[in-house]
Amino acid sequence: MKSEDKSRYKLTEWNPEENWDSSLAWRTLSVTTYSMVLAFCVWFLVSAIAPKLNEIGFDLTKTQLYWLASMPGLSCGFLRFIYTFLPPITGTRKLIGFSSLLYLIPMVGWFFAVQNPQTPYWWLLCLGFMCGIGGGSFSGYMPSTGYFFPKRKVGTALGLQAGIGNLGMSIVQFIAPMLMGMSIFGLTWVSPQITPEGAPLYVHNSAAFFIPWTIVAAILSFTLLRDVPIKANFKQQLDIFGNPNTWYMTILYVMTFGIFSGYSAVFGLLINNNYGSESTLKLAVSGLTFAYLGPLIGSVVRMLWGPLCDKFGGAIWTFVSGVGMAVTLAISAYFLTNPKGLGDFYGFLLAMLAMFFFTGIGNAGTFKQMPMIMPPRQAGGAIGFTAAIASFGPFIVSIALTIFTPATWFIICALFCVLGSALCWFRYARKDAPFPG
């Protein structure tokens, strides 16, 4: 049974396993997912802007661009640690509402920064770091939404939220090139940036476009969302670290989402630096043309695989994901080894898109597993913690590509997927596994 106290925003009773209010649950999912789409747009805003900076007068090296792309992942990881513990403390309504308002800060910052090529690099790094709030909030969104659904529905609900939310990574990369080609919202007082060829580019539109939608998200959150009576202080929530499944599932989520987010963040730069304008080949390919495809495929698959995980369990799909990722990463490494022409580029592109497909399966599988093998509050905390660790993916992948050759780093990731698949099989996926889920 559910009832509301005199504040009308707090539920005094809530047990989705016995008396489920589906209308409230799906309303919560809708509002939080809308806000999460914008959150991921903010998180990947740098990956959409960075490939264009040198075209509008900035003078950044490949290493500087990779470091810039790494900043949102670095801050996101730390912020997810904080967000992991917030849902039982702040409640869903305030968590989503105030987070939506915070997204405005990096958007406004980038809007002004790209208009001046003399903007110092340290400030670009700071703005990139601030974009991490978009990815960091994920660790609060998912557990707080999961509170509203029974176990039989949680795989579908979290799969939808994560899958649709992850689309923000693709949306910002897909529409950024179009936004850069036109004036929007009547911003005629803002001069376009000029390329060396004299063509106008409205790079600032990539940030400006999302500002009004984010304000709408905050209004919807404060007016339509409610809080459930699940409370725990910080110390009580530390018990997740005494559950070994927290650590094992962290490894598996790093395998799936860590690699997914890491390569999504640098996909455009990888193409430019190994096949496009920044490479020795100088093929007529642009990273921004293809950058959105990886996160789009991974996000849609994650969303579609939620019902399959509810039906067959998440563990077997996580195992399938790990095996598929290992194979496709190895194939990608092959095409990155001394590429000679357009054929190598298309081989790399197809292998990478297949890899993103398998990450989507694994991301759906892992989030089905945790609510099945852990108590509700612990599952929420574990989801937040594993997501925090995995969100360092963009930082780790970006920095690794400044240390190793791309082919070497891809092989390292493939071997990691082999180890993750073995762990998943013996602990969760095989017949008579100790923790099937």
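Glu-55 counts as partly exposed, at 31% relative accessibility, where partly exposed means a relative accessible area between the limits for buried (under 20%) and exposed (over 50%), worked out with a 1.4 Å probe and the protein chains only. Its partner Lys-52 is buried, with a relative accessible area of 16%, and these residues form a salt bridge in which the closest N and O atoms are 3.5 Å apart. A salt bridge is here a side-chain nitrogen of Lys or Arg within 4 Å of a carboxyl oxygen of Asp or Glu.

The model is a predicted one, in which local features need pLDDT of at least 70 and side-chain atom pairs count only at pLDDT 80 or more, while totals for chains, interfaces and linings use all residues. Residues are numbered from 1 along each chain as its sequence is written, and side-chain values use heavy atoms, with hydrogens and water left out.

**Salt bridges**

Two salt bridges are found in a search of the whole structure. Besides the pair already described, the side chains of Lys-368 and Asp-310 meet at 2.8 Å, N to O. This pair links distant parts of the chain, since Lys-368 belongs to helix H18 (residues 342-373) and Asp-310 to helix H16, 58 residues apart. Helices are DSSP runs of H or I with at least four residues, just as strands are runs of E with at least two, and they are numbered from the N terminus. Lys-368 is buried, with a relative accessible area of 5%, whereas Asp-310 is partly exposed at 22%. As background, side chains of opposite charge can pair when their charged atoms come close.

**Helices enclosed by the structure**

Helix H1 (residues 22-43) has 22 residues, of which 16 are buried, so this helix is largely enclosed by the rest of the structure. Its length can also be checked: at 1.5 Å a residue H1 should span 32 Å, and its end C-alpha atoms are 31 Å apart, which agrees. The expected span is 1.5 Å times one less than the number of residues in the helix.

Helix H6 (residues 104-113) is likewise largely enclosed, because seven of its 10 residues are buried; among them are Pro-106, Gly-109, Trp-110 and Phe-111. Helix H9 (residues 138-146) is mostly covered, with nine of its nine residues buried, including Phe-138, Tyr-141 and Pro-143.

**Nonpolar cores**

A nonpolar core is a set of buried Ala, Val, Leu, Ile, Met, Phe, Trp, Tyr and Cys residues joined through side-chain atoms within 4.5 Å. The largest one has 112 residues, and those with the most contacts inside it are Leu-53, Trp-110, Phe-138, Tyr-263, Leu-329, Phe-348 and Phe-410. Helix H14 (residues 244-274) gives the most to this core, with 14 residues. Apart from it lies another core, of 10 residues, among them Leu-11, Leu-24, Tyr-147 and Val-228.

Leaving aside residues up to four places away in sequence, Leu-329 touches Ile-259, Tyr-263, Met-355, Phe-410, Cys-413, Ala-414 and Cys-417, where contact means heavy atoms within 4.5 Å. Leu-349, which lies in helix H18, is buried with a relative accessible area of 7%, and under the same sequence limit Leu-349 touches Phe-267 and Phe-290.

**A nonpolar patch on the surface**

Phe-312, Ile-316, Val-320, Trp-425 and Phe-426 make a nonpolar surface patch of about 460 Å². Patches are made of residues with over 30% relative accessible area and no salt bridge, with like charges joined within 9 Å and nonpolar side chains (Val, Leu, Ile, Met, Phe, Trp, Tyr) within 5 Å; the areas come from the Shrake-Rupley method with a 1.4 Å probe, and for residues only the protein chains shown count as cover. Helices H17 (315-336) and H21 (406-429) each supply at least two residues of the patch, and Phe-312 is found in helix H16 (residues 293-312).

**Positive phi angles**

The table gives two residues other than glycine that have a positive phi.

| Residue | Phi | Place | Relative accessible area |
|---|---|---|---|
| Lys-282 | about 50 degrees | loop between H14 and helix H15 (287-290) | 57%, exposed |
| Asp-432 | near 65 degrees | segment after H21 | 66%, exposed |

**Distances along the chain and in space**

Thr-63, in helix H3 (residues 62-84), is partly exposed at 41% relative accessibility. Thr-63 and Ser-398 are 335 residues apart in sequence and 9.1 Å apart in space, C-alpha to C-alpha. For Leu-349 and Ser-139, which are 210 residues apart along the chain, the C-alpha atoms are separated by 31 Å.
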